[in-house]
Amino acid sequence: MLHTYVELNKPKDWIDSIDFSDPAAAKAHVAREFDGWAPELTALITDGETDPVPRPIHALPVEHRWARVPGVTLLGDAAHLMIPSGEGANLAMFDGAELGKAIAANPDDIEAALTAYEKDLFPRSASEAVEAQGVLEVCLGPNAPQSLVDFFTNNQPAK
Ligand SMILES: Cc1cc2nc3c(=O)[nH]c(=O)nc-3n(C[C@H](O)[C@H](O)[C@H](O)COP(=O)(O)OP(=O)(O)OC[C@H]3O[C@@H](n4cnc5c(N)ncnc54)[C@H](O)[C@@H]3O)c2cc1C
């Protein structure tokens, strides 16, 4: 079995405008984004035997943060859901380790532990979210796929 995945950088309105209850029309709509591509490739979209499934990517704002709430904090995607960049699972595990260390360092003062944890969490999350935007640009920006080829071959980004 061959599965085809199409990744597009489009606003949610664009996805919502497609009628996925009409699979053939939905596939044709998506395939129009690839006008001029080899028909052997666009056929992977239009001639599929299963119905297309939209999978929107959601992300929190880059500088997302919250006011301290006594006794509560967040980690992983709940704290910093971002565009996939190969770091989300690493960040989630790192958050967990950092939270554990903060609690261990403040065994009698959970508020001090959570404050210390969030102090480092916010800038770490923002920095990674900016990097994730960069990955999106490399993968789906105006110079893609050349920018992705350059990324993997360590060349300068295409101008
Ligand atoms: C397409 C895609 C590709 C990705 N590729 C990578 C990659 O290559 N490398 C990488 O590091 N990261 C990648 N990520 C990101 C990574 O998957 C996430 O950042 C990571 O899983 C976050 O872990 P988490 O524990 O915070 O959240 P999750 O893994 O989402 O875990 C949350 C859990 O809570 C459960 N849950 C939700 N609500 C409730 C409830 N009310 N009660 C009980 N349980 C509940 C959910 O079922 C889920 O099991 C990718 C993400 C996507 C979408």
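I took helices as DSSP runs of H or I with at least four residues, numbered from the N terminus. On that basis I placed proline 145 in the loop between α6 and α7, the latter spanning 146–153. I note at the outset that this is a predicted model.

**Entry 1: the cis peptide**

I looked up the bond that precedes proline 145. Alanine 144 is joined to proline 145 by a cis peptide bond, with omega at about 5°. I then checked a pair of residues that lie on either side of this bond in the numbering. Glutamate 137 belongs to helix α6, and its C-alpha atom is separated by 8.3 Å from that of serine 147, 10 residues away along the chain. I recorded glutamate 137 as partly exposed because 16 other C-beta atoms lie within 10 Å.

**Entry 2: overall architecture**

I counted seven helices and zero strands in the chain. Followed along the sequence, the pattern reads α-α-α-α-α-α-α. I obtained a radius of gyration of 21 Å, whereas a compact globule of 159 residues would have one near 15 Å. Along the principal axes, the C-alpha atoms fill a box of roughly 65 × 40 × 30 Å. I found that buried residues account for 12% of the 159 residues. Of the contacts between residues at least 6 apart in sequence, 47% join residues at least 24 apart.

I noted a division into domain 1, residues 1–56, and domain 2, residues 77–153. The C-alpha centres of domain 1 and domain 2 are 31 Å apart.

**Entry 3: the annotated segment**

I consulted the UniProt record, an unreviewed entry, which carries the annotation "domain: FAD-binding" over residues 69–108. In the model, residues 69–108 are 55% helix and 0% strand. The C-alpha atoms at the two ends of this segment are 18 Å apart.

**Entry 4: the ligand shell**

I listed the residues that surround the ligand: Gly76, Asp77, Ala78, Pro84, Gly86, Glu87, Gly88, Ala89, Asn90 and Ala92. Two or more residues of this shell come from each of α4 (77–80) and α5 (88–105). Helix α5 provides the largest share, four residues. I sorted the shell by character and obtained four nonpolar, four polar and two charged residues.

**Entry 5: phenylalanine 94**

I located phenylalanine 94 in helix α5. Its C-alpha atom is separated by 8.5 Å from that of glycine 76, at a distance of 18 residues along the chain. Glycine 76 is itself among the residues around the ligand. I classed phenylalanine 94 as partly exposed, because it has 16 C-beta neighbours inside 10 Å.

**Entry 6: alanine 132**

I asked myself whether alanine 132 is buried or exposed. Alanine 132 has 20 C-beta neighbours inside 10 Å and therefore counts as buried; the cut-off for that class is 20 or more. This residue is found in helix α6, which runs over residues 110–140.

I next asked which residues alanine 132 is in contact with, leaving aside its neighbours within four places in sequence. These are Met82, Ile83 and Ser85. Between alanine 132 and proline 84 I noted a C-alpha to C-alpha distance of 6.7 Å, although the two are 48 residues apart in sequence. Proline 84 also appears in the list of residues that surround the ligand.

Notes. Residues numbered from 1 in each chain as written. Predicted model: local features only at pLDDT ≥ 70, side-chain atom pairs only at ≥ 80, totals over all residues. Near = placed C-beta within 6 Å. Nonpolar A, V, L, I, M, F, W, Y, C, P; charged D, E, K, R; others polar. UniProt positions renumbered as here; feature names shortened; annotations may be inferred. Domains from an automatic or database assignment. Contact = placed C-beta atoms within 7 Å. Rg over C-alpha atoms; globule rule 2.2 N^0.38 Å.
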